[in-house]
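Q: I have a structure open in front of me and I'd like to talk it through slowly. Could you take my questions as they come?

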Amino acid sequence: MAVTVTTFDKMKQAGDKITWLTAYDYSFGHLLDQAGIDAILVGDSLGMTIQGHRTPIPVTIDDSAYHTACVARGVENAMIVGDLPFGSYQVSKEQAYENAVKLMQAGAHVIKLEGGELQNETIEFLTERGIAVCAHIGLTPQSVHKLGGFKVQGRGESAQRLLDDAKGVQAAGACAVVLEAVPRKLAAEITEMLEIATIGIGAGPECDGQVLVLQDMIGIYPSKSPKFSKNFMSQADSVGGAIEQYVAAVKAGEFPAAEHSFN
Ligand code: KIV
């Protein structure tokens with residue numbers, strides 16, 4: 001059955017873990033869908049995994065739309081989340097709308113964008129116009145140079161800022177929020193506080209769902225993978241098998257373990 005934003009709400013209420021992975025093409029889109037993944041994020045991580053850049057910053061809206069369309073051709077049931085890349089939504093809410101339309105016309109069901117409070121007006125503008133929006137807070141890779149690197153966010157005094165961001169994006173109408181590289185306790189507090197689903201990546205097992213970058217999860221990314229990732233290929237005899245193990249581990253609450261989380 002097709003996964004929708006209503007499915008996420010029901011899963012959160014029932015305590016059923018939500019599984020996401022990234023994919024950028026038809027074949028992997030199809031494989032993930034067959035493995036029963038709930039959502040496929042056509043992330044701007046494609047700048048690193050597909051294009052070989054060091055950050056997602058060079059990715060354009062045309063790149064995102066192209067890869068979203070490739071994935072969409074392979075998917076029957078999973079929700080497809082399109083990612084607005086750097087510079088495609090920060091100028092104005094109208095710019096965000098125009099580019100969200102491009103991703104939806106390429107096959108995305110939900111649009112993800114980075115940022116908390118600063119994006120609330122944009123989230124409201126898009127959702128009022130019928131677009132389902134997923135926010136992304138914590139480590140926001142498009143701001144890597146401002147953050148001074150790919151670092152854990154929300155430690156110490158900045159925790160309150162993340163709590164406010166989380167509340168704000170929900171109030172603005174977001175249907176879910178990705179929490180990236182956030183201390184486990186803080187992510188658990190945000191998950192408890194929000195009605196919408198939290199999808200964690202390096203944010204501990206208490207989040208309502210988990211997402212990983214596919215190339216990290218099957219161990220083929222040439223550079224070092226982050227601490228919060230796990231290579232599921234090491235105990236699987238096929239890529240499909242590794243994806244199924246990931247889905248089962250997230251559903252059972254076995255991934256992420258303590259060693260993939262931050263204090
Ligand atoms: O682009 C991406 O893959 C992402 C995930 C890391 C959440 O935003």
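A: We can go through the salt bridges, then the ligand surroundings, and then the cavity.

Q: Before we start, what kind of model is this?
A: This is a predicted model, so it is worth keeping that in mind throughout.

Q: Okay, how many salt bridges are there?
A: The count comes to seven salt bridges. One of them joins the side chains of Asp38 and Lys251, with 2.9 Å from N to O.

Q: Where do Asp38 and Lys251 sit in the chain?
A: Asp38 lies in the loop between helix 2 (26-34) and strand 2 (39-42), whereas Lys251 belongs to helix 11 (residues 239-251), so this pair ties together parts that are 213 residues apart in sequence.

Q: And are those two buried or exposed?
A: Asp38 has a relative accessibility of 8%, and it counts as buried because the cut-off for that is under 20%. Lys251, at 37% relative accessibility, counts as partly exposed.

Q: What about Lys112, which residue does its side chain meet in a salt bridge?
A: The side chain of Lys112 meets that of Asp83, at 3.1 Å from N to O. Lys112 is in strand 4 (residues 110-114) and Asp83 is in strand 3 (residues 79-83), so the bridge ties together parts that lie 29 residues apart in sequence. Lys112 and Asp83 are both buried.

Q: Which residues are linked in a network of salt bridges?
A: That network links Lys93, Glu94 and Glu121. Within it, the side chains of Lys93 and Glu121 meet in a salt bridge of 3.8 Å, N to O. Lys93 lies in helix 5 (residues 93-105) and Glu121 in helix 6 (residues 120-128), so parts 28 residues apart in sequence are tied together by the pair. Lys93 is partly exposed, with a relative accessible area of 25%, while Glu121 is exposed, with 54%.

Q: New topic: which residues are around the ligand?
A: The residues around the ligand are Thr22, Leu41, Gly43, Asp44, Ser45, Asp83, Lys112, His136, Val178, Glu180, Ile201 and Val213. You will recognise Asp83 and Lys112 in that list, since their side chains also meet in the salt bridge we discussed.

Q: How far are the polar side-chain atoms of Asp83 and Lys112 from an oxygen atom of the ligand?
A: For Asp83, a polar side-chain atom lies 3.4 Å from an oxygen atom of the ligand, and for Lys112 the distance is 3.0 Å. Ser45 also has a polar side-chain atom in such a position, 2.5 Å from a ligand oxygen.

Q: Switching again, how many cavities of 30 Å³ or more are there?
A: The count comes to one cavity of 30 Å³ or more, and the largest cavity has a volume of about 30 Å³.

Q: Which residues line the largest cavity?
A: Its lining is made of Gly200, Ile201, Gly202, Gln210, Val211, Leu212, Phe228, Phe255, Pro256 and His260. By class, that lining has six nonpolar residues, four polar ones and no charged ones.

Q: Which strand gives the most to that lining?
A: Strand 8 gives the most, with three residues, although strand 7 (197-201) and strand 8 (209-212) each supply at least two residues of the lining.

Q: Ile201 came up before, so where is it?
A: Ile201 is in strand 7, and at 8% relative accessibility it counts as buried. Ile201 is among the residues around the ligand, and it is also one of the residues that line the largest cavity.

Terms used:
Residues numbered from 1 in each chain as written. Predicted model: local features only at pLDDT ≥ 70, side-chain atom pairs only at ≥ 80, totals over all residues. Heavy atoms only, no water. Salt bridge = Lys/Arg side-chain N within 4 Å of Asp/Glu carboxyl O. Helix = DSSP H or I, 4+ residues; strand = E, 2+ residues; numbered from the N terminus. Buried < 20%, exposed > 50% of the residue type's maximum accessible area, 1.4 Å probe, protein only. 1 Å grid on protein atoms, 1.4 Å probe; cavity = no way out; pocket = protein on both sides within 12 Å on 5 of 7 lines; lining within 4 Å. Points joined across faces, edges and corners; volume = space filled by probe spheres on them. Nonpolar A, V, L, I, M, F, W, Y, C, P; charged D, E, K, R; others polar. Near = heavy atom within 4 Å. Polar contact = N/O pair within 3.5 Å; in protein donor to acceptor, adjacent residues only side chain to side chain.
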